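This report describes helix geometry and packing, followed by a few single residues. The sequence and structure are shown first.

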Amino acid sequence: MRNLKEFDDYRRRMNERILGSGNLEIKRFWALDSRAYEPGALDERTKELLGLATSMVLRCDDCVTYHIVRCVQLGLRDEELLDALNVALVVGGSITVPHVRRAVETIDECRKLQREYPELKSLL
């Protein structure tokens, strides 16, 4: 598994490359995706937990990593994250177990970064 720095570097680099291509439909999708997580009838924390659980069931490790980081940035506790992972496990079944392992590893890495760099406001 890539560490969070590698994940962030790759994600930023490729997003710039893709969004810089000038494809209007891709830009629109990126904007729609970003707006979906803004506060509305549901708050941002709830929406990120929904994104996390959905990503787990779909078995998208990059998405899981992104949503875990966002959840940590928004101040969610480990218990809340594990509750969402449990829902994903029940819905997704045993095939999600490896993704739960990687998700917990990502949570641990986020917490380690928070302890080592308390001044760090953003993990990504």
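Are H1 and H2 parallel, antiparallel, perpendicular or oblique to each other? The model is a predicted one. In it, H1 and H2 pack at an angle of about 135 degrees, and their axes are 9 Å apart. Angles from 65 to 115 degrees count as roughly perpendicular and those over 145 as roughly antiparallel, the rest above 35 being oblique; H1 and H2 are therefore oblique to each other. At this contact, Asn15, Ile18 and Leu19 of H1 meet Ile26, Lys27 and Trp30 of H2.

**Helix spans**

The table gives the length of three helices, with the expected span taken at 1.5 Å a residue.

| Helix | Residues in helix | Expected span | Distance between end C-alpha atoms |
|---|---|---|---|
| H1 | 16 residues | 22 Å | 22 Å |
| H3 | 15 residues | 21 Å | 21 Å |
| H5 | 15 residues | 21 Å | 20 Å |

For H1 and for H3, the end-to-end distance agrees with the expected span. For H5, the 20 Å from first to last C-alpha is close to the expected 21 Å.

**Helix H1**

H1 covers residues 4-19. Its buried residues include Leu4, Phe7, Asp8 and Asn15. They cover an arc of only 95 degrees around the axis, which puts them on the same side of H1. The face turned away from that buried side carries Lys5, Glu16 and Arg17, which are exposed. The buried residues of H1 pack against three helices: H2 (24-36), H4 (61-73) and H6 (97-116). At the start of H1, the backbone nitrogen of Lys5 has a side-chain oxygen of Asn3 within 3.0 Å.

**Helix H5**

H5 runs over residues 78-92. Leu81, Ala84, Leu85 and Ala88 are buried in H5. They cover an arc of only 100 degrees around the axis, which puts them on the same side of H5. Glu79, Asp83 and Val90 are exposed on the other side of H5. The packing partners of the buried H5 residues are H3 (44-58), H4 and H6. Just after H5 comes Gly93, with a positive phi of about 85 degrees.

**Helix H3**

The buried residues of H3 are Lys47, Glu48, Gly51, Leu52, Ala53, Ser55 and Met56. They pack against H2, H4, H5 and H6. Arg59 follows H3 and has a positive phi, near 60 degrees.

Is Glu48 buried or exposed? Glu48 is found in helix H3. Its relative accessibility is 2%, and the cut-off for buried is under 20%, so Glu48 counts as buried. With neighbours within four places in sequence left aside, Glu48 is in contact with Tyr37, His67, Arg70, Cys71 and Leu74.

**Ala36 in helix H2**

Ala36 lies in helix H2. Its relative accessible area is 42%, and Ala36 is therefore partly exposed. Lys47, one of the buried residues of H3, is 11 residues from Ala36 along the chain, and the C-alpha atoms of Ala36 and Lys47 are separated by 8.1 Å.

Note on methods. Residues numbered from 1 in each chain as written. Predicted model: local features only at pLDDT ≥ 70, side-chain atom pairs only at ≥ 80, totals over all residues. Heavy atoms only, no water. Helix = DSSP H or I, 4+ residues; strand = E, 2+ residues; numbered from the N terminus. Expected span 1.5 Å × (residues − 1). Buried < 20%, exposed > 50% of the residue type's maximum accessible area, 1.4 Å probe, protein only. Arc of directions from axis to C-beta. Contact = heavy atoms within 4.5 Å. Polar contact = N/O pair within 3.5 Å; in protein donor to acceptor, adjacent residues only side chain to side chain. Axes fitted to C-alpha atoms, helices over the stretch in contact; angles between N-to-C directions.
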